[in-house]
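The following note sets out some points on the model for a colleague's consideration. The points are numbered and may be read independently.

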Amino acid sequence: MTARSTLGTTAAKTRTFRLAAVAAVAVAGSMLLTACGDQTNSTKPEGGQSSGVSTKAPLFSKLPADIQKAGVIKVGTDASYAPMEFTEGEKIVGVDPDIAKALSKQLGVDFKFTSGTFDGLITSIYTGRQDLIMSSMTDNKKRQEGLDDSGKKIGKGIDFVDYFSSGVSLLVKKGNPQGVNSLDDLCGKTVAVQRGTIYEDTFKAQAAKCGDKKLTIQAFDTDAEAQTRVKAGGAVADLNDYPVASYIAKTSGGGNDFEVTGNQSDVGLFGIGVSKDKTQLRDAIKEALDAAIKDGTYAQALKTWNVEDSAVKQATVNAGK
């Protein structure tokens, strides 16, 4: 499990993060294969991540003909997940857009990001509205196979090019007034979480362990809403990827709203999602990522946001568990 890790209907090592990157922003976490509506019907900002088409780029010829012709790879994201992807004015910025710039250099086409709700991202791939997902999405077998938590087939699934690793942490109110240091400390309490994420799944599993000492789960459309609930004292904890939880704790309210507690768990891989019908595009993205790792532009993208220790050594396909 990890990062924005939910399935179809359903983050690790110590890291330091740039504190002055941007003013505090809403963040989210999840990984879903739900049959929700297409998230690309969004009024949120869009972001282009390169400077134009270059047929002389090293890997341009590896791309499918339609993308060569269009000169654009359409990317779906939920830009509310600093430092991974978030909005700054009218632009989508963060780790993922910077990695996309490195890929663009290799492929010679623009990466055009469109932001919407996380739980509609896989649907946007199914419908062809987007070519890729870059949204801190955890690669796992259920997503690959299009299964829900019960193992029921709800879609054809998607492929992943794995590019980042992360673990998850609990986010609590500053001062940790309820003394929460582990999932077991949540029994008998109320937690808040973004709906449809693997974090919600983790809380549900913990609720089952709590038994009669009921764990109440309040699920919200966005992680920003879950954070607000914790800040107001209506819930004792939220759950998020460590890079994101740490960023929130260091930036929200000037560092006075939240803190990260307990040990990180559930280390896993983030993947760039692509339709199973687009194997040529998938393989081109993998080759571009390997090239970016080799030439150092991938490492530079991570260094910009102080997440170097989440780097992968090479691109893999569907390596998530």
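1. In E11, Asp-238 is the bridge partner of Leu-171. The model is a predicted one, and this pair is a convenient entry to the strands around E8. E8 and E11 pair in the antiparallel sense over five bridges. A further position in this pairing is Val-172, which stands opposite Ala-237 in E11. Strand E11 itself, residues 237–241, is mostly covered, with five of its five residues buried.

2. Which residue of E12 stands opposite Val-172? It is Glu-259. Val-172 therefore has a counterpart in E12 as well as one in E11, namely Ala-237, under the rule that two strands pair if at least two bridges are found between them. The pairing of E8 with strand E12 (residues 258–275) is antiparallel and extends over 13 bridges.

3. E8 also pairs with E13, again in the antiparallel sense, over two bridges. Here Asp-162 stands opposite Thr-316 in E13. As for solvent exposure, E8 is mostly covered: 15 of its 16 residues are buried.

4. Ser-165 deserves a separate remark. This serine is found in strand E8, which comprises residues 158–173. Its relative accessible area is 15%, so Ser-165 is buried. Ser-165 and Phe-270 are 105 residues apart in sequence, yet their C-alpha atoms are 5.9 Å apart in space.

5. A second pair of residues distant in sequence involves Asn-181, in the loop between E8 and E9. Asn-181 and Val-260 are separated by 79 residues in sequence and by 9.2 Å in space, C-alpha to C-alpha. Is Asn-181 buried or partly exposed? With a relative accessible area of 46%, Asn-181 is partly exposed.

6. Strand E9 (residues 190–194) and strand E10 (residues 216–220) pair in the parallel sense over five bridges. Gln-194 stands opposite Phe-220 in E10. Together with helix H5 (residues 198–210), E9 and E10 make a right-handed β-α-β unit.

7. An open sheet is formed by three strands in the order E3-E4-E5, with antiparallel pairing. Its edge strands are E3 (80–81) and E5 (91–93), each of which pairs on one side only. Between E3 and strand E4 (residues 85–88) the antiparallel pairing covers two bridges, and Ser-80 stands opposite Phe-86 in E4.

8. The loop between E3 and E4 contains Pro-83. The peptide bond from Ala-82 to Pro-83 is cis, with omega near 5°. This merits a reviewer's attention because most peptide bonds are trans.

9. Helix H2 (residues 95–107) has 13 residues, and the distance from its first C-alpha to its last is 18 Å, close to the 18 Å expected at 1.5 Å a residue. H2 is mostly covered, with 11 of its 13 residues buried. Among the buried residues are Val-95, Asp-96, Asp-98, Ile-99, Leu-103, Gln-106 and Leu-107. Just after H2, Gly-108 takes a positive phi of about 80°.

10. How do the axes of H2 and H9 cross? The axes of H2 and helix H9 (residues 297–304) come within 9 Å and cross at roughly 160°. Angles over 145 degrees count as roughly antiparallel, and H2 and H9 are therefore roughly antiparallel to each other. The crossing in which H2 passes H9 is right-handed.

11. Two further residues should be inspected for their backbone angles. Most residues other than glycine have a negative phi. Ser-136, however, has a phi near 55°, a positive value in a residue other than glycine. Ser-136 lies in the loop between strand E7 (132–133) and helix H4 (141–145). Ser-136 counts as buried because its relative accessibility is 0%.

12. The second of these is Asn-318, which has a positive phi of about 55° although it is not a glycine. Asn-318 is placed in the segment after strand E13 (316–317). Its relative accessibility is 18%, and since buried means under 20%, Asn-318 counts as buried.

How values were computed: Residues numbered from 1 in each chain as written. Predicted model: local features only at pLDDT ≥ 70, side-chain atom pairs only at ≥ 80, totals over all residues. Heavy atoms only, no water. Helix = DSSP H or I, 4+ residues; strand = E, 2+ residues; numbered from the N terminus. Right-handed = clockwise from strand over helix to strand, strands pointing away. Expected span 1.5 Å × (residues − 1). Buried < 20%, exposed > 50% of the residue type's maximum accessible area, 1.4 Å probe, protein only. Axes fitted to C-alpha atoms, helices over the stretch in contact; angles between N-to-C directions. Parallel < 35°, antiparallel > 145°, perpendicular 65-115°, else oblique. Left-handed = near helix turned anticlockwise from the far one by under 90°.
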